[in-house]
Amino acid sequence: MQEILKSNKLANVFYDLRGPVLQAAKRMEDEGHRILKLNIGNPKPFGLDAPDEIIQDVIYNLPDSEGYQDSKGLFSARKAIMQYAQQKNIANVTIDDIILGNGVSELIVASMQGLLNNGDEVLLPAPDYPLWTGAVALSGGRPVHYICDEGAGWMPDLDDMRSKITDKTRAMVLINPNNPTGAVYPDEILLQMLEIARQHNLIVFSDEIYDKILFDGVTHTSTASLADDLLIITFNGLSKNYRLAGFRSGWMIISGAKHLARDYIEGLEMLAQMRLCANVPAMYAIQTALGGYQSINDLVAPEGRICQQRNIAYEMLNEMPGVSCTKPQGALYCFPKVDQKKFNIRNDERMVLDLLEQQRILVVHGTAFNWPYPDHFRVVFLPRPEDLDLAMDKMHKFFSGYKQA
């Protein structure tokens, strides 16, 4: 029988967050090794539990969760999201402008599948959350990465963005707060990005999944609150702010120039109908989550656990020889830079594999986030302080004597 091959559509799709390095870590665990995992932004394994009232409401509503619901999502959940959009100053959002999904990931893929024809281009940040790049490629589009400037606090390089727009560019993606850098974009940057979109008739996709995970008094502005003449699609969900990654509960909010996008919106609705509906029990968590006490605020306050862990990771990374790190303003990650000359680094995946093999620490290499140079890696600062201290000490030992062969 002839070998069965994967689709050509997957030829340019990569998701190295769960790639060879993770597979190596799993093999080592099977052999009995304890791995310190700083690779995935998954709060639950680190003792960061969701609020009890959310879980209780889901349990209470389980008997009503056995059947399909509206393909766009549960009415009470969409109403709560509509009210949240009002709190974020996103104008003219109705319940019909909201589509729920099995996590933001599903909706990202759908938003690209519904938009792109073969060869269409989408502007994406470098570094980015790699699902965005993969979704563009899977949908027949061409990912085009604009550089975010580490020297400017990881802000988008607007000149670089402008230089990469062609007559095939359809949309602009921004991730704010940013994964993996932790940058939070101020209004003046957002307004300039929106002006670029305006000048080139681009759709704006704004990934705001970390919009409540903010440090040092930094505030977050929803992109869609700054323009109503552009089509803007805002993505958010329960995974991070409410520590409910396993519920796979996310949403998209369609706002702005909806009258110019009726056909595209019809396509998004069709894709929602084709998967029948999102996970029903998880949708019952949304109203309680958005309307209840926002416990994330305690965790990111100066004395809060997540903020303290951010400080430990940031300070200890900068104490390592040949390593430097810009202080994250939001999200759950540091994206430190390594001195390529000092360590003779030509392959950053090899570097993180060496770290795994020598010190039993699992991180993700920077090129997995479509950063063009092998000189960064991402660290998740979710482990408890004592575990983070241990991981940073081991990492310090690794870089004190590392030289890539």
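**Two sheets and a surface patch**

Leucine L174 stands opposite S206 in β7. I begin with this pair, in a model that is predicted, as an entry to the sheet around it.

The two strands concerned are β6, residues 169–175, and β7, residues 203–207; they run parallel and are joined by 5 bridges. Helix α7, residues 187–199, packs on this sheet, where it touches β4 (142–149), β5, β6, β7 and β8 (231–237). The direction of α7 makes about 170° with that of β6. A further helix, α9, spans residues 280–291 and packs on the sheet through β2 and β9 (249–256). Its direction makes about 65° with that of β9.

Let me now set out the sheet as a whole. It is open, has 8 strands with mixed pairing, and follows the order β2-β9-β8-β7-β6-β3-β4-β5. At its edges are β2 (98–102) and β5 (155–156), each of which pairs on one side only.

I turn to the other sheet. Here 3 strands form an open, antiparallel arrangement in the order β11-β15-β14. Why is one side of β11 and of β14 left without a neighbour in the sheet? Both β11 (333–334) and β14 (364–365) stand at the edges, and each has a single partner strand, so one side of each remains unpaired in the sheet. Between β11 and β15, the latter comprising residues 377–380, the antiparallel pairing extends over 2 bridges. Within this region, C334 stands opposite V379 in β15.

Finally, the surface. Residues I55, I59 and L62 form a nonpolar patch there, with about 240 Å² of accessible area together. Of these, I59 lies in helix α2, residues 52–60.

Notes:
Residues are numbered from 1 along each chain as its sequence is written. This is a predicted model: local features need pLDDT of at least 70, side-chain atom pairs count only at pLDDT 80 or more; totals for chains, interfaces and linings use all residues. Side-chain values use heavy atoms; hydrogens and water are left out. Two strands pair if DSSP finds at least two bridges between them. Helices (H or I, at least four residues) and strands (E, at least two) are DSSP runs, numbered from the N terminus. Patches are made of residues with over 30% relative accessible area and no salt bridge: like charges are joined within 9 Å, nonpolar side chains (Val, Leu, Ile, Met, Phe, Trp, Tyr) within 5 Å. Accessible areas come from the Shrake-Rupley method with a 1.4 Å probe; for residues, only the protein chains shown count as cover. A salt bridge is a side-chain nitrogen of Lys or Arg within 4 Å of a carboxyl oxygen of Asp or Glu. Contact means heavy atoms within 4.5 Å. Axes are lines fitted to C-alpha atoms, for helices over the stretch in contact, and angles run from 0 to 180 degrees between N-to-C directions.
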